[in-house]
Amino acid sequence: MEVQKRGVVLMEIQRIQDKKFSAQVEGGEAVLLYRRGPQNSMDILGVEVPPPARGKNVADQLMREALRKAKEEHVKVIASCSYAESWFDRHPEEEDIIFHNE
């Protein structure tokens, strides 16, 4: 169920198998797709939000849930899609979770 709070959609996010985070939003399903990368990292491949739900912080909430799970699992994150890259640029406080191939 969606709840609106100042133009932001608060939603229930589900993890589907080990490949995506998903939420039902206005216009359909919003997803964050990922795969397991080197050293069991979480490689974020893409974030998709239906047009009617864009601009309502849906993608941000998907990213935050993915990072919460990554931290819970003690794994690093790879930002393979442009949204994830720009998200990390806007949130330098999360830099420590980024995977660096050493």
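Which residue in E6 is the bridge partner of Arg-36? It's Met-42, and that pairing is a handy way into this predicted model. The chain has 102 residues, with 42% of them counting as buried. Its secondary structure adds up to two helices and seven strands, and reading from the N terminus the order is β-β-β-β-β-β-α-β-α.

**The sheet**
- Five strands make an open sheet in the order E3-E4-E5-E6-E7, and the pairing is mixed.
- At the edges sit strand E3 (14-16) and strand E7 (77-79), each of which pairs on one side only.
- On average, neighbouring strands here are turned by 30 degrees against each other, ignoring direction.

**Strand by strand**
- Strand E4 (residues 20-25) and strand E5 (residues 28-36) run antiparallel and are joined by six bridges.
- One pair to look up in the viewer is Ala-23, which stands opposite Ala-30 in E5.
- E5 also pairs with E6 in the antiparallel sense, again over six bridges.
- Those two strands, E5 and E6, form a hairpin with five residues between them.
- If you're checking backbone torsions, look at Gln-39 in that turn: its phi is positive, at about 55 degrees.
- E6 and E7 go the parallel way, with three bridges between them.
- Met-42 turns up here too, standing opposite Val-77 in E7.
- To get from E6 to E7 the chain passes through H1, and this β-α-β crossover is right-handed.

**The helices**
- Helix H1 (residues 58-73) packs on the sheet and touches E3, E4, E5, strand E6 (42-48) and E7.
- The direction of H1 makes about 35 degrees with that of E5.
- Helix H2 (residues 82-90) lies across E6 and E7, and runs at about 110 degrees to E7.

**Burial, contacts and surface**
- Why is E6 largely enclosed by the rest of the structure? Five of its seven residues are buried, so the strand ends up largely enclosed; buried here means under 20% relative accessible area.
- Around E6 you'll find E5 as an antiparallel partner, E7 as a parallel one, H1 touching it and H2 lying across it.
- Take the contacts between residues at least 6 apart in sequence: 43% of these join residues at least 24 apart.
- The chain's accessible surface is about 6100 Å², and carbon and sulfur atoms account for 48% of that.

Conventions
Residues are numbered from 1 along each chain as its sequence is written. This is a predicted model: local features need pLDDT of at least 70, side-chain atom pairs count only at pLDDT 80 or more; totals for chains, interfaces and linings use all residues. Side-chain values use heavy atoms; hydrogens and water are left out. Helices (H or I, at least four residues) and strands (E, at least two) are DSSP runs, numbered from the N terminus. Buried means under 20% relative accessible area, exposed over 50%, partly exposed in between (1.4 Å probe, protein chains only). Contact means heavy atoms within 4.5 Å. Accessible areas come from the Shrake-Rupley method with a 1.4 Å probe; for residues, only the protein chains shown count as cover. Two strands pair if DSSP finds at least two bridges between them. Axes are lines fitted to C-alpha atoms, for helices over the stretch in contact, and angles run from 0 to 180 degrees between N-to-C directions. A crossover is right-handed if, with the strands pointing away from the viewer, the path from the first strand over the helix to the second runs clockwise.
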